[in-house]
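Hi,

Here is the structure I promised to send over. Have a look first, and then read on for what I found in it.

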Amino acid sequence: MAPELRHLRYLLAVAEHGSFTRAAEELRISQPTLSQQVRQLERIVGVPLLDRTGRSVRLTDAGETYARHARRALRDLEAGRRAVQDVQDLSRGHLRLAATPTFSAYLVGPLVAALHDRHPGITLDLRELTQDRIESDLLADDLDLGIAFSGPHLPGVSATTLFTETLSLVTGDHDPGDGPPRPLPVRDLGERQLALLNGDFATRSHIDAHLAAHRVRPRVAVEANSVQALVEIVRRAPIATVLPDAVTHDHPHLRPVPLEPALPARTVTLLRRGSSYQSAAARAFTRLTQDLVRARGYPGAGQ
């Protein structure tokens, strides 16, 4: 006798909750039924999968091994379901996309608009996550694609290069002067008040590492968790910030000032799980993203 899908789902629910009662509530079945079904699975497998002797229920060593295979099997079956339902003409479809936070300021909006314009039948689940979370969710098959930076990546994550992101000091257009601004030595940043993203952002770590390498201690007057907030602050106050150059393309009231030496460029990538089925929606979004970054003239696009 082979186990059925419900056996796998029931075992994983009990393992997740550490309780037959809470698992039964989530599954909307009675606790005796759940217990009977899990015991039936243990008889089929031939070993105890759950340790019921403690205050909470937990997987045995054999159960841990079996649960890993069960999760993988359920992921593969879900991918198969999506593959069967996938419509190649893109009249419908669904895409699960995540991006690290700074891309929400200049890239996500145009991409979503272009996707809706080309393929209005595709629905989108869009999330803003850290890069570590994007990669773990891709491997768990909770995402189809992620927009982040180049590696090192977790094993099993595949990356496609999109473009090179450069960063500059950014000021408001309070005193535009004549011609483009001259490069500013990095050491002079210690004399300026800055508004920067907070430490939750990879961009902040990138900035701090560059300043520390040149022995600059920044005067951080404002920390924010939003690029849009920084744009508004710099626009209205005599405070500078550091942002991707692409952000200033959409904000003519901002003035990028090149730093000398410049902040190291970063490679922007489109991430996916390397072994996963790629839906028509995901393939279409990949092509659309590559077309858009080329059309906008981002450095390194199309390489």
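Let me start with one strand pair: E7 (residues 167-172) and E11 run antiparallel and are joined by four bridges. Within this pairing, Ser168 sits opposite Leu243 of E11. Please keep in mind as you look that this is a predicted model.

The pair belongs to an open sheet of three strands, ordered E11-E7-E12, with antiparallel pairing. Strand E11 (241-244) and strand E12 (254-257) are the edges; each has a single partner strand, so one side of each has no neighbour in the sheet. On average, neighbouring strands here are turned by 50° against each other, ignoring direction. Helix H8 (residues 227-236) packs on this sheet and touches E7, E11 and E12. The direction of H8 makes about 130° with that of E11.

Next, strand E5. How many of the five residues of E5 are buried? Five of the five are, so E5 is largely enclosed by the rest of the structure. Two of its pairings are worth finding on your screen. With E3, strand E5 runs parallel, joined by three bridges, and Leu97 has Leu145 in E5 as its bridge partner. With E14, the pairing is antiparallel and spans four bridges; there, Gly146 stands opposite Leu271 of E14.

These strands turn up again around helix H6 (residues 131-139). Its buried residues are Gln131, Ile134, Glu135, Asp137 and Leu138. Why do they lie on the same side of H6? They cover an arc of only 165° around the axis, which puts them on that one side. As background, an α-helix has 3.6 residues a turn, so residues three or four places apart point the same way. The cover over the buried residues of H6 includes strand E3 (93-99), strand E4 (122-128), strand E5 (145-149), strand E6 (157-165) and strand E14 (266-273). After H6 comes Asp141, which has a positive phi, near 65°.

Finally, a look at a single acidic residue, Glu42, which lies in helix H3 (residues 31-45). Is Glu42 buried or exposed? Its relative accessible area is 9%, and because buried means under 20%, Glu42 counts as buried. The side chains of Glu42 and Arg52 are joined by a polar contact of 3.0 Å. Leaving aside residues up to four places away in sequence, Glu42 touches Val47, Pro48, Leu49, Leu50 and Arg52.

Happy to go through any of this with you.

Best wishes

Note on methods:
Residues are numbered from 1 along each chain as its sequence is written. This is a predicted model: local features need pLDDT of at least 70, side-chain atom pairs count only at pLDDT 80 or more; totals for chains, interfaces and linings use all residues. Side-chain values use heavy atoms; hydrogens and water are left out. Two strands pair if DSSP finds at least two bridges between them. Helices (H or I, at least four residues) and strands (E, at least two) are DSSP runs, numbered from the N terminus. Axes are lines fitted to C-alpha atoms, for helices over the stretch in contact, and angles run from 0 to 180 degrees between N-to-C directions. Contact means heavy atoms within 4.5 Å. Buried means under 20% relative accessible area, exposed over 50%, partly exposed in between (1.4 Å probe, protein chains only). The arc is that of the directions from the helix axis to the C-beta atoms. A polar contact is a pair of N or O atoms within 3.5 Å; within protein, one must be able to donate a hydrogen and the other to accept it, and residues adjacent in sequence count only if both atoms are side-chain atoms.
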